[in-house]
Amino acid sequence: MQKEISREQAFVQYLRKHSESADLARMRRALADPGAEVIPLVEGFLARIQDDYEARWERICYYLVAGLWASAVSSSELERFRRQPEEEPEVSQGDQSNVNKGYRRTLGHAIAQLYLARGQSKSIEQRFVALLDADEEQLPYRMRQMVRLLKSEEGIPIYWSELLRDLLAWDYEHRPVQQKWARAFYRTVAKETQGGEE
Amino acid sequence: MPTFNLITQPWIPARQQGALRLVSLEQALLEARRFERIEDPSPLVTVALHRLLLAILHRALEGPGDAYEAAEWFKNGFDQGKIRAYLVRYHDRFDLFHPERPFYQVPDFTLERSSRSWTVLAPELNSDNNKVLFDHTITSRPRPLQPDEAARLLVANQTFALSAGKSVLCHTATAPVATAALALMLGENLHQTLCLNLVAYQKHELERDFATWEKEPLRVADLADCERAKASAKGIVHRYTWLSRAVRFEPEEESGQTVVRWIAYASGVRYEESQVRRDPMVAVRPDPKDPTKERPLGFSEGRALWRDFAALLPKPGSAQGLEVANHACNVYDKLHCHFEKRGIPVMVAGQANDQAKIELWRGETYRLPEAILGKADLHVFVKKCLDQAEEMGKALNGAARALATELLTMGDRQPHKDDVSRLVQSFPHQAAYWSALEGQFADWILRLGPDFLEQQARLEQDWQQTLKREALRAWELTALVAGNDARALRAIYKSEGILLSRFYRKEAVGAKGN
């Protein structure tokens, strides 16, 4: 029996399975203004989930994550991805109340690793704080910058489906996503710098 | 001549079958079983009246020698003959307006020397040097005071008078227990209450000790000599009946009734600390500044008394505990009495002051858990758990302080520490944490039953979980105040580690212990 997966995971899997090199290039190009251009590959997926209404922010997020993902993988890696499509670890779902769980999958954790790898670089923290405050208009630009930085540091994984889920909820009341990222960032930093409680 | 004899006139507010009535000293002592309790709106008056009754009983009954005798009295009542004989012997000394020996006053003190409105006796009312919000008593034209009320205020004032600088006689010093929280163990009726608080009073103390009214009253000349107007307590009754102030009521006649408007009021006998036995109603706790020393447990603003609850519990094998609590346990032990899941209620009353200014007064009732009758050292256990609460409170405070510092930091500039303190003060973490714990503690302490030893580990674990839960809740409230823009989020999650690391450390220690 196949495990049930979330829509966000399905999207990332879909990208892995169906992207060709040309799609990658197109998605990267579209990053400058996510959602404006029509990319058949992404539209193919969106058509499956969007019914009559068109959710603008949802569309932007799917395009944005597709572009970010495309900019983080190279064409040569595509074959490898296709062969092991389940590479991304399972998301523990349902336990929304406990934000502490699974904080390692958030972008906040990834950025904290970058921050530590760069000797607690002040500019990374500043960028992170700016990212937390980004509104919908600024977010694509700041995300692009951040993913570029993350890519430049070896071995920091980005959990794309988690990222997509978070971006979709970026504007929620009480800013749960920003809270989660900030918590993940500072907790990771504290654990590393204070000798680690774990 | 006006007269108001406290032995025969009604002046003590007592609760009888639900109704409040005034009774005389004689009734209160001889018919104590008929009254549920003494109850004045002011907890200070209530507890001071008990001390007065206890003092009379100690002297009249010349005891009890030990808890066995107190238990005997508890069961069979007091020797009424002895009480009557004592009251007959000192009958005149209990007249509020006696020309030569007015009760608890200085006979030759006159209004010419010092004329004050009677409101100076009542800390809750506006008097000439003590302004109270919302009270509109006019000191230049005080309302007439009835003798029964005057007597109550006099007794409370002698017990709780606070230092107030110079007077026409000498320096007005603080009464022996004015700043302490006085504990009174409560029984099911006044008689039981009295027996539970009649601590051992042995022959050698009985001979040395005296009640203020047993001696010839002090005169102005005695009290004006500042060198001579000091003493140390000769025994517990001397302490219970300390003449803290020179008072003389000036009775007036008004529509056929005796009332008081003006009183002569000045310093009394200055209390000198000595090595004699400690006040049985006063608990001690370690001095926060110097743990080798002890301080009387008292009320203070911003720190609820239950946080020092352990001080109220008997300390097995030590003479340092709260004597009335030890005594009450012993009495119940001798009676082979069980509480049937209710514990021993204890009333704690007192005031908090800032020098001569009274910040608050309070009477609180707690229940000492059933387990105090067992052999287990509850004191150590409860103290440990309360210390854990304090530590958690400190971690919470540390996190709040770090949060405030982060919020106020602009670039590389460190904020001023006063600004940080002000911001920390405005956070709700302290109030949220301690007030939530107060209710939780009251429930928790009652779970300390006869099966305490078996339950101990479980009780401790539950308490720690409560601490964690309430600390987190208080922190969440504080984080809400900080806001949710990126700067605030940065500050919140950077400082939160201080609190969380305490949880982890605890768990790590626990894991090793298992």
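## Briefing on chains A and B

Arg175(A) is buried, with a relative accessible area of 17%, a value that falls under the 20% cut-off used here for burial. The model is predicted, and every value below was computed from its atoms. The points that follow take up the backbone around Arg175(A), then a helix of chain A, then chain B as a whole, and lastly one of its loops.

**Arg175(A) and its loop**

- Arg175(A) sits in the loop of chain A that runs between α9 and α10, and its phi is positive, at about 45°, although the residue is not a glycine.
- For background, most residues other than glycine have a negative phi.

**Helix α8 of chain A**

- Helix α8 of chain A covers residues 139-152, which is 14 residues, and the distance from its first C-alpha to its last is 20 Å, close to the 20 Å expected at 1.5 Å a residue.
- The buried residues of α8(A) are Leu139(A), Pro140(A), Met143(A), Met146(A), Val147(A), Leu149(A) and Leu150(A).
- These buried residues pack against several other helices of chain A, namely α4 (56-72), α6 (107-117), α7 (122-132), α9 (160-168) and α10 (176-193); α9 and α10 are also the helices that flank the loop holding Arg175(A).

**Chain B as a whole**

- Chain B contains 15 helices and 15 strands, and its C-alpha trace spans about 80 × 55 × 45 Å along the principal axes.
- A compact globule of 514 residues would have a radius of gyration near 24 Å, and the 26 Å of chain B agrees with that.
- Of the 514 residues in chain B, 53% are buried, while the chain exposes about 23,300 Å², with carbon and sulfur atoms supplying 50% of that area.
- Among the contacts in chain B with a separation of 6 or more, 71% are between residues 24 or more positions apart.
- Chain B carries 67 positive and 67 negative charges, and the mean positions of these two sets are 4 Å apart.

**The loop between α2 and α3 of chain B**

- Pro64(B) lies in the loop between α2 (43-61) and α3 (67-76) of chain B, and the peptide bond leading to it from Gly63(B) is cis, with omega near 0°.
- Glu62(B) is also placed in the loop between α2 and α3 of chain B, and its phi is near 50°, which is a positive value in a residue other than glycine.
- As a general matter, most peptide bonds are trans.

Terms used. Residues numbered from 1 in each chain as written. Chains lettered and ligands numbered in written order. Predicted model: local features only at pLDDT ≥ 70, side-chain atom pairs only at ≥ 80, totals over all residues. Heavy atoms only, no water. Helix = DSSP H or I, 4+ residues; strand = E, 2+ residues; numbered from the N terminus. Rg over C-alpha atoms; globule rule 2.2 N^0.38 Å. Buried < 20%, exposed > 50% of the residue type's maximum accessible area, 1.4 Å probe, protein only. Contact = heavy atoms within 4.5 Å. Areas by Shrake-Rupley, 256 points an atom, 1.4 Å probe, with all protein chains shown as cover. Lys, Arg positive; Asp, Glu negative; His and termini not counted. Charge placed at Lys NZ, Arg CZ, Asp CG, Glu CD. Expected span 1.5 Å × (residues − 1).
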